[in-house]
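The following report is meant for someone meeting this protein for the first time. Please keep the sequence and the structure in view while reading.

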Amino acid sequence: MSFVIRSTKILVTAGRVLFFRAVSLPSYCIPRPCIKPFCSMATIVNDDMSLAPLRAAVKEQGDTVRRLKDENRPKVEINEAVAKLKACKKKLEDEEKKLLWKEVKFDREGLESLLKRRFFYAPSFSIYGGVAGLYDFGPMGCAMKSNIVSMWRSHFVLEDQLLEVDCSMLTPYHVLKASGHVDRFSDLMVKDIKTGECFRADQLVADHFEQLLADPKCPADKKEEYSKVLRQVEEYSQQELGDLITKYNVVSPLNKNEVTAPQPFNLMFGTAIGPDHGVPAFLRPETAQGIFVNFKKLLEFNNGRLPFGAAQIGTAFRNEVSPRAGLLRVREFMMAEIEYFLHPDKKQTHKKLSSVANEVLTMYSSANQMSGQPAVQITLADALDQGLIASETLGYYLARTSLFLKSVGVDNKKLRFRQHLENEMAHYACDCWDAECHTSYGWVECVGCANRSCYDLNCHMKHSGANLFAQETLSEPRIVQRVQAVPDKGVLGKVFRAKSKVVMQLLSEMSNEQVEKLEAALKDTGSFELQLSSDENVTILPNMVIIKHFEERIHVVDVLPSVIEPSFGIGRIMYSVLEHNFHVREGDEHRNWLSLPARVAPIGCSVLPLSSNEQFDPFVTTISENLTKNGVKHKVDDSSGSIGRRYARTDEIAIPFGVTIDFDTIKTNTVTLRERDTTRQVRVKIEELPPLVADLLNGRITWADVEQKYPIFVAQETSSH
């Protein structure tokens, strides 16, 4: 396989060779792979001839953007070209969406009605009118989310032997200042001057111009003017957005009130730790920083060895200006993040790569986006071999992410990995692929897999002064040329007296570069000004110090690791899974149901006595107790209503298996076991039932295995219809 390896700088200081990556982005980033549109050895997705003109338009505009950058044209001109490229891409993606899902008419209202009625989740504080962007999870939603998190922990933490931590949600100001969040984690916001209602400035402007374009009376010359604004709306500066708001009389959409000029709005929730305004802090916007500041402890726990991974599952907070689309854009949400630390200069291999090398991924590279080419389906091995993915470790986690998302119920036909364009990249990333799930809202980013290089560790080391290097023992010692300043204690003591100790310490701790400057100054001018403090210098003369040149054998070097980060939004994954598994029973449009995987379903099994006959009670009790002993979460439904209606109620909340106690149970000590998706049933002895259901839920056996072993039962399900 061919790989692209990033360049490395080597510094020598204090007797050690320091390996590190410069963090100025993107100049030290992994080169963006796949300059040309990527199609070889891959299956093209959505290759419909009707899309050819749109693809050609994207390619032409992408070529224009590249040409302008190569010619170093003004930023305004490049931004306008990028905005046009985005508009072309949007048209193409909209048409692809129509072609890909034209056979699907998704009933979002039906899903939302079911989720609300069965209390999967609902707006928080609803009896007080609710607060946008905050949601409470009910019994079903809480159990489903817990199951997804449990599967994530099993899939990643256990299988990859990650080191799990649980860090504070309160984060001091200086930590997030160091990470770049204080300066860069913001949106432009405007306020209604009368009500104080807040809006994201670019969204408000975009909505306003979309309304202008939708007006049938809009003149043709104005349409081009308005379209140009829409194409560039994401690229406008604070001043430019303010000018547009004034020029085109952009007002509040709620009451037509005027709005203020745009102002930066940091998306973090500010607070203070302690009384009397205490230590300034924020609620964490991500869980990653807790891992980075504990890197040294985690490294020691791992016996000082690279590579290793750390994981954290927890709540994060982002003070969205205009939260919308349910769980897809909220202010409080659960994240599950991995920070995988590895040597920056060695081939970024992963010892378990072979286990996922044949996983087929749908990949939408930046090159294909820029050239108007569609996403492609390709094995991980081929993607690595052909340079589509630059890092084996990043590729490994893309494949593992794909397997996880499919295991929790994401439809593989509605899953793709899209590479970020350069202007989309987060401030800490140098390469990033998003796992996107297609929903009724369009493509939704559910997982971000980023190569953060050494950005975070480097920033925290600079701001805190802590040593966050890992150490590597060399197989062969390295010879390093050293130069050292050796103070003459006798001379320095007589001249500087009480200050001599500080002077000697400063001279002894000089780096190679500093000693070379000292030596040059003594030769050229006969003296050197040594700074003791901000307002005091002392003069060093040639007789006060001896300059020694020598070779040193280096056996251990300091290494600042690179980081691969898969970051999972649990709420977004959960919503995508709900959409992908929402169905209507054939022949009964009012009977909605969820086909969640058994391990994701909130409840594993239902226990349904056929009627309220008292003879069934002992069987219900026995079965319930034994299911509990076997670790099966279940629900007893002895309410009134036909067995068919009760099956429908359990199907709504995705219960995969149902046990029915009928009059044959009294005679034969057997029950029926029903599978939700097929609605087929078998007859099983009561003593065999609990371990059987547990094995089904844990994936040790399949329903097909059950049907081969036990007799099919049809009468009851048939009569219920």
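The largest nonpolar core of this predicted model has 68 residues, and those with the most contacts inside it are Phe120, Trp152, Met363 and Phe404. A nonpolar core here is a set of buried Ala, Val, Leu, Ile, Met, Phe, Trp, Tyr and Cys residues joined through side-chain atoms within 4.5 Å, where buried means under 20% relative accessible area, exposed over 50%, and partly exposed in between (1.4 Å probe, protein chains only). Helix α4 (residues 139–158) gives the largest share of this core, 8 residues; helices (H or I, at least four residues) and strands (E, at least two) are DSSP runs, numbered from the N terminus. When neighbours within four places in sequence are left aside, Trp152 is in contact (heavy atoms within 4.5 Å) with Val157, Ala311, Ile313, Ala336, Glu337, Ile338, Phe404 and Phe568. Another core lies apart from the largest one and has 25 residues, among them Ile623, Leu627, Ile686 and Val706.

Residues are numbered from 1 along each chain as its sequence is written. Because this is a predicted model, local features need pLDDT of at least 70 and side-chain atom pairs count only at pLDDT 80 or more, while totals for chains, interfaces and linings use all residues, and side-chain values use heavy atoms, with hydrogens and water left out.

**The whole protein**

The protein contains 25 helices and 32 strands, and its C-alpha atoms fill a box of roughly 110 × 70 × 60 Å, taken along the principal axes. Of its 721 residues, 50% are buried. Among the contacts with a separation of 6 or more, 69% are between residues 24 or more positions apart. The protein exposes about 34900 Å², of which carbon and sulfur atoms supply 51%; accessible areas come from the Shrake-Rupley method with a 1.4 Å probe, and for residues only the protein chains shown count as cover.

**Buried elements and a surface patch**

Helix α19 (residues 570–580) is largely enclosed by the rest of the structure, because 10 of its 11 residues are buried; the buried ones include Ile573, Met574 and Tyr575. In strand β20 (residues 470–487) lies Val483, which is buried with a relative accessible area of 3%. The C-alpha atoms of Val483 and Glu516 are separated by 7.4 Å, although the two residues are 33 residues apart along the chain. Beyond its neighbours within four places in sequence, Val483 is in contact with Asn512, Val515, Glu516, Ile547, Lys548 and His549.

On the surface, Phe125, Ile127, Tyr128 and Val131 make a nonpolar patch of about 530 Å²; patches are made of residues with over 30% relative accessible area and no salt bridge, with like charges joined within 9 Å and nonpolar side chains (Val, Leu, Ile, Met, Phe, Trp, Tyr) within 5 Å. Tyr128 lies in the loop between β4 (121–123) and β5 (135–137), and Tyr128 is exposed, with a relative accessible area of 74%.

**Charged pairs and cysteines**

The structure holds 31 salt bridges, each being a side-chain nitrogen of Lys or Arg within 4 Å of a carboxyl oxygen of Asp or Glu. The table lists some of them.

| Salt bridge | Closest N to O |
|---|---|
| Arg452 and Glu565 | 2.6 Å |
| Arg585 and Asp651 | 3.0 Å |
| Asp662 and Arg683 | 2.6 Å |

The pair of Asp662 and Arg683 links the loop between β29 (657–661) and α22 (663–668) with strand β31 (residues 681–685), 21 residues apart. Asp662 is buried at 4% relative accessible area, and Arg683 is buried at 13%. Elsewhere, salt bridges that share partners join Glu159, Asp160, Lys352 and Arg400 into one network. Arg452 is buried with a relative accessible area of 0%, and Glu565 is buried with 2%. Arg585 and Asp651 are both buried.

A search of the whole structure finds 0 disulfides, a disulfide being a pair of cysteine sulfur atoms within 2.5 Å. For Cys142, the closest cysteine sulfur, in Cys446, is 20 Å from its own sulfur, too far for a bond, and Cys142 counts as partly exposed at 41% relative accessibility. Cys432 is likewise in no disulfide, the nearest cysteine sulfur, that of Cys449, being 7.3 Å away. Cys432 counts as buried, at 7% relative accessibility.
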